[in-house]
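User: I'm new to this structure and would love a close look at one part of it. Could you walk me through the place where the two chains meet?

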There are 2 protein chains.
Amino acid sequence: MTDFIKPIEKDLKKLELSIDKLIATRIDFIKKIVNYIIKSGGKRVRPILVMLCSKLCGYKGKKHIPFAAIVEFIHTATLLHDDVVDNAKTRRGSSTVNTVWGNEPSVLVGDFLYSRSFELMSYEGNQEILKTISQATTALSEGEILEIIKTADITTTEKDYFEIIGNKTAVLFSVACEIGAILGNVTNKERSALKNFGYKLGIAFQLRDDILDYTSYDELLGKHVGTDLKEGKVTLPLIYALKSAGEKEKLSTVKILKKHTVSQRDFERVRKLIEKYNGISYTSTATEKYLGSAKKELSRFPDSQYKDALLSLADYMLKREK
Amino acid sequence: MTDFIKPIEKDLKKLELSIDKLIATRIDFIKKIVNYIIKSGGKRVRPILVMLCSKLCGYKGKKHIPFAAIVEFIHTATLLHDDVVDNAKTRRGSSTVNTVWGNEPSVLVGDFLYSRSFELMSYEGNQEILKTISQATTALSEGEILEIIKTADITTTEKDYFEIIGNKTAVLFSVACEIGAILGNVTNKERSALKNFGYKLGIAFQLRDDILDYTSYDELLGKHVGTDLKEGKVTLPLIYALKSAGEKEKLSTVKILKKHTVSQRDFERVRKLIEKYNGISYTSTATEKYLGSAKKELSRFPDSQYKDALLSLADYMLKREK
């Protein structure tokens with residue numbers, strides 16, 4: 001993923017330094033946990049979007065660095081809380097915070113990161129960005145709640161699914177891009193184009209994630225395959241396959257989704273069902289469609305190295321294996 | 001507790017109406033959970049402080065209502081997360097959200113309330129209040145983390161204890177009062193006096209809570225007595241008693257603090273230890289000291305029905321049985 005970070009390589013280094021500064025707390029235990037999760041090989045996709053979009057919009061200042069950090073903090077807070085909600089054991093190939101230190105620090109350090117993010121925003125004093133980010137975090141929690149309501153529910157529709165991933169994933173991608181537009185002080189039409197670009201990119205990112213959960217292996221995804229199935233998450237590959245599935249197939253799928261322990265055999269059964277009814281290829285086509293549509297949003301902007309980088313980031317979304 | 005709410009009775013009714021409006025979400029499940037916890041007989045102490053302090057500072061507008069609601073939302077979010085962290089079964093005599101619906105909605109609806117609070121603040125556009133509240137929520141999460149670090153640790157000092165309760169409880173009381181000062185646009189000295197008043201009141205509130213946890217019974221506290229002991233929390237009554245306790249007494253206390261299930265006999269043992277070494281009377285004296293000092297902070301303000309109400313609220317802190 002080096003080609004699209006080239007134009008902002010220096011800023012990304014500054015980001016890592018400022019992450020340490022912005023997280024400052026007198027409590028060593030918080031530092032330890034934040035470092036454990038934030039330095040554990042996250043792809044920094046959201047900060048990259050803040051930076052590339054700021055530059056695309058001609059922003060010459062330095063505020064994109066703290067805002068990129070803030071977006072990453074919020075993302076990290078959601079990971080900490082997700083792992084408690086999903087009772088997850090591993091993330092990015094390492095044990096989750098809740099596995100190592102228990103649920104308590106996962107919940108509370110997540111809260112610390114949320115609060116610190118809003119504290120940092122209050123110092124920055126950009127009302128418009130604050131409004132945009134706080135609306136996004138509200139939507140984010142709504143998306144996560146919708147997802148738990150639909151756990152193990154095979155009547156989950158494509159519409160439900162897109163509402164869930166729109167809120168839980170795409171909205172934060174969208175905001176990351178919008179921050180760039182706000183900092184660059186562009187027209188409403190341009191801001192709206194970047195907002196849509198981010199949203200569609202976020203949808204594609206999640207679709208790819210949900211494909212990889214069925215197709216990739218431990219080494220690549222950094223987690224056991226079939227995590228979604230274990231957690232009872234009904235994602236697009238399965239939703240599509242279930243449309244054509246017979247009653248018997250549906251019943252056995254529900255049983256597996258509701259199980260506390262999903263065996264390798266269970267997983268293979270569902271994976272084969274998805275293969276039989278083309279759930280993966282359908283989801284891949286949807287991913288391509290969203291990415292194509294996302295890229296079109298950028299046509300409003302003149303050619304530049306930043307635009308090229310964003311287009312290449314979009315292509316990466318389709319190909320990424322982790 | 002009627003005497004100190006009299007001057008703001010109408011505003012408190014408006015608060016209840018605006019809580020419903022401000023929490024608006026299309027997801028019924030969130031409404032259900034927020035209603036369950038926010039309408040479960042909370043004392044609304046923090047909103048009352050926002051209102052009385054605004055009026056004391058001569059504020060004539062309407063913004064104290066949404067800010068009172070925001071402070072209550074933040075408080076409610078911390079309750080939801082606390083119950084997950086403490087694995088609590090009951091609160092205010094009812095089952096906790098995590099007992100009825102599991103940890104997931106407790107964490108996520110807490111996040112929803114945090115985010116919505118910041119979203120509402122972003123609409124209000126008061127930079128100074130935003131800064132003050134976001135610093136407070138950061139301190140709050142730090143306090144909660146300090147508390148879990150010190151779980152079952154009998155070397156916890158009075159200094160540690162006051163740092164914990166200062167952050168986890170007093171800071172939000174302090175901010176509630178400071179909001180009134182900011183809205184009323186008073187001098188820095190007056191703002192600082194109200195900030196200190198709230199902080200000391202909050203300390204006294206928590207001291208009283210920690211006394212009641214050892215002295216009161218089910219019907220009064222709305223929870224089983226000895227909750228702190230069950231959760232391994234080392235509070236002032238115990239810290240003080242342990243100063244005079246012998247090695248054998250210390251050892252048996254540690255054992256009980258580390259137990260997953262604390263029996264009635266265990267509880268009685270610790271309660272008697274606290275009685276023997278005057279832990280309760282020491283904590284009562286500290287409560288009185290903080291309240292006296294809190295009340296002095298108000299001497300800067302001219303007499304009014306609002307000042308009388310705040311003084312009477314301080315007296316209530318000492319006497320309250322739940």
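Analyst: Happy to! Let's begin with what counts as touching: two residues are in contact if their C-beta atoms, placed from the backbone, lie within 7 Å. Please keep in mind that this is a predicted model. The predictor gives ipTM 0.93 and pTM 0.94 for the model, and chain A has an average pLDDT of 93, with 97% of the residues scoring at least 70.

Now to the meeting place. Chain A brings 36 residues to the contact, and chain B brings 36 residues. On the side of chain A that touches chain B, the elements giving two or more residues are helix 2 (28-38), helix 4 (64-86), helix 6 (103-124) and helix 7 (127-149) of chain A. Sorted by class, this side of chain A holds 17 nonpolar, twelve polar and seven charged residues.

How do the two chains relate to each other? A turn of 180° with a shift of 0.0 Å along the axis lays chain A on chain B, with an RMSD of 0.0 Å. This is therefore the relation of a two-fold axis. Both copies use the same surface, since 100% of the contact residues of chain A recur in chain B.

For some wider context, have a look at helix 9 (residues 188-215) of chain B. With 28 residues at 1.5 Å a residue, helix 9 of chain B should span 40 Å, and its end C-alpha atoms are indeed 40 Å apart, which agrees. Of those 28 residues, 20 are buried, so helix 9 of chain B is largely enclosed by the rest of the structure.

Conventions:
Residues numbered from 1 in each chain as written. Chains lettered and ligands numbered in written order. Predicted model: local features only at pLDDT ≥ 70, side-chain atom pairs only at ≥ 80, totals over all residues. Helix = DSSP H or I, 4+ residues; strand = E, 2+ residues; numbered from the N terminus. Nonpolar A, V, L, I, M, F, W, Y, C, P; charged D, E, K, R; others polar. Expected span 1.5 Å × (residues − 1). Buried ≥ 20, exposed ≤ 12 C-beta atoms within 10 Å, placed from the backbone. Least-squares fit on C-alpha atoms with pLDDT ≥ 70 in both. pLDDT = per-residue confidence, 0-100.
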